[in-house]
Amino acid sequence: MDIFLWTVAVALLLQLLFVIWNLAQLPSLGGNGRGRAWLDREGMSIGGLVQAEGAVRQAEGKEAKELKPRLSVLIPARDEAMNIAACLRSVLVEPSPHLEVLVLDDRSTDGTAEAAILAAAGDPRVRVLPGAALPPGWLGKSHACHQLAEAARGEWWLFLDADARLAPTALAAALDTALAQGQGLVTGFPIQETGTWMEKLIVPMMSFSIACHLPIRLVRQSADPKFVAAHGAFLLIAADSYRATGGHAGFKGHLVDDMQLAGAVKKAGLPVTLADVRPHITMRMYQDAAGVWNGYKKNIFAGVGRNSLLLTAMLTIYGLLYLIPPVMLIIVIALHVMGFPSEWLSHAFLPSGLGYLIGVCIKGVIDRRSGQPWWLSFFLPASICMLSAIALASWLASFTGKGYEWKGRRYS
């Protein structure tokens with residue numbers, strides 16, 4: 001057993017080194033100033049901005065509604081009355097008249113549309129659109145995004161979740177990266193605010209999975225759609241690139257629409273950048289334990305392509321690396337306290353303790369990078385147990401045909 005525990009400890013050490021290197025590959029959002037110039041100036045395409053930076057007219061003195069938008073912020077909203085006002089206010093801090101903000105009220109029952117209209121305060125850049133009934137074969141968010149895309153007029157589109165909050169410079173910074181890229185998709189994982197213990201244990205595991213298993217450099221450098229990651233709260237895509245992929249209609253029945261869009265962009269031969277958006281966007285995805293459970297239950301099995309073997313392999317590896325060392329450490333300590341002297345106990349103590357601490361370091365490095373408190377890393381075994389339970393529930397819901405329920409809709 002001690003040989004096995006030392007093997008696990010070495011594997012964890014290699015994982016820690018990979019995580020440190022991998023996170024260093026994440027590019028920062030913004031920094032070149034082109035996004036600010038592009039938003040502020042009138043009558044120039046992306047190519048024209050590059051060729052004649054100093055030869056454009058200012059848009060001052062014109063009504064925003066008379067100007068063709070350059071950036072469309074597209075917000076699908078279903079029962080988001082408690083979130084939409086703060087989201088809109090954070091977007092409208094951006095002063096550019098070349099901005100349009102479209103809110104799709106996806107047949108809400110809580111006054112989302114009214115809250116959005118009130119928050120817009122008459123800003124002519126904002127339009128609140130009524131959502132159509134959900135057609136057969138479509139899932140709710142994909143259909144909402146599809147309707148927003150049909151109404152958008154900008155050259156770049158930012159799909160933004162209603163529970164997201166942008167920093168004042170976020171849009172300009174995002175366009176810095178987008179304009180330098182020229183086409184395709186820019187996305188990133190926001191800082192996640194958490195309140196309940198279920199949120200603290202589970203929500204940061206998104207970043208944990210990406211940092212541990214996805215070579216971030218290959219998201220941008222490889223054309224293989226397997227090397228892709230995206231967060232649906234922040235998807236900035238060129239309008240022409242969106243159309244080239246076929247848009248949300250191409251995966252209208254898939255539960256994980258953000259990953260599907262990113263994969264479609266790569267399949268179309270267009271670039272995808274996973275950037276560090278932490279200084280520019282925060283969000284709280286869920287408000288309670290039930291929301292976390294149902295949200296992850298809906299997404300986990302779909303997120304591994306409904307592949308039972310892949311899900312089993314993932315949970316087995318997580319158990320071997322992150323559960324066995326702390327469990328063995330507890331057993332060794334308990335047996336020692338109970339008076340079971342054994343040479344085996346002394347041999348097992350060091351590798352099991354070391355394995356647990358390296359796992360804590362892995363989680364701590366990722367949590368610090370993703371804006372989470374450092375002490376959460378000590379609860380990694382609890383996070384793995386809870387994540388495994390939700391993954392099993394996600395698999396069972398698909399296997400039994402019971403499906404998933406989210407925001408008053410049931411999906412298979």
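V337 is exposed, with a relative accessible area of 67%. V337 sits in helix α15 and belongs to a nonpolar patch on the surface. The model is a predicted one. Beneath the surface there is a nonpolar core of 71 residues, the largest. The salt bridges number 13.

**Surface patch**

- The patch is formed by W6, I333, V337, F349, L350 and L354.
- Together these residues have about 570 Å² of accessible area.
- Helices α15 (324–337) and α16 (343–369) each supply at least two of the patch residues.
- Helix α16 gives the most, with three residues.
- V337 counts as exposed because its 67% relative accessible area is over the 50% cut-off.

**Nonpolar cores**

- In the largest core, of 71 residues, those with the most contacts inside it are W157, F159, F208, Y296, Y322 and I362.
- W157 touches L71, S72, L74, A149, A152, L235, L236, I237, A239, Y242 and R243. This list leaves out residues up to four places away in sequence.
- Apart from this core lies another, of 43 residues. Among its members are A115, W156, L179 and M283.

**Salt bridge between strands**

- R127 pairs with E100, and their closest N and O atoms are 3.3 Å apart.
- R127 lies in strand β5 (residues 126–130) and E100 in strand β4 (residues 99–105), so the bridge ties together parts that are 27 residues apart in sequence.
- The two partners differ in exposure: R127 is partly exposed, at 34% relative accessible area, whereas E100 is buried, at 3%.
- E100 counts as buried because its 3% is under the 20% cut-off.

**Other salt bridges**

- D224 and K226 form a salt bridge, with closest N and O atoms 2.7 Å apart.
- In that pair, D224 is partly exposed at 24% relative accessibility, while K226 is exposed at 62%.
- R410 and E405 also meet through their side chains, at 3.2 Å from N to O.
- Here R410 is exposed, with a relative accessible area of 53%, and E405 is partly exposed, with 45%.
- R36, D40 and E94 are linked in a network of salt bridges.

Note on methods: Residues numbered from 1 in each chain as written. Predicted model: local features only at pLDDT ≥ 70, side-chain atom pairs only at ≥ 80, totals over all residues. Heavy atoms only, no water. Core = buried A, V, L, I, M, F, W, Y, C linked by side-chain atoms within 4.5 Å. Buried < 20%, exposed > 50% of the residue type's maximum accessible area, 1.4 Å probe, protein only. Contact = heavy atoms within 4.5 Å. Salt bridge = Lys/Arg side-chain N within 4 Å of Asp/Glu carboxyl O. Helix = DSSP H or I, 4+ residues; strand = E, 2+ residues; numbered from the N terminus. Patch = residues over 30% accessible without salt bridge, like charges linked within 9 Å, V, L, I, M, F, W, Y side chains within 5 Å. Areas by Shrake-Rupley, 256 points an atom, 1.4 Å probe, with all protein chains shown as cover.
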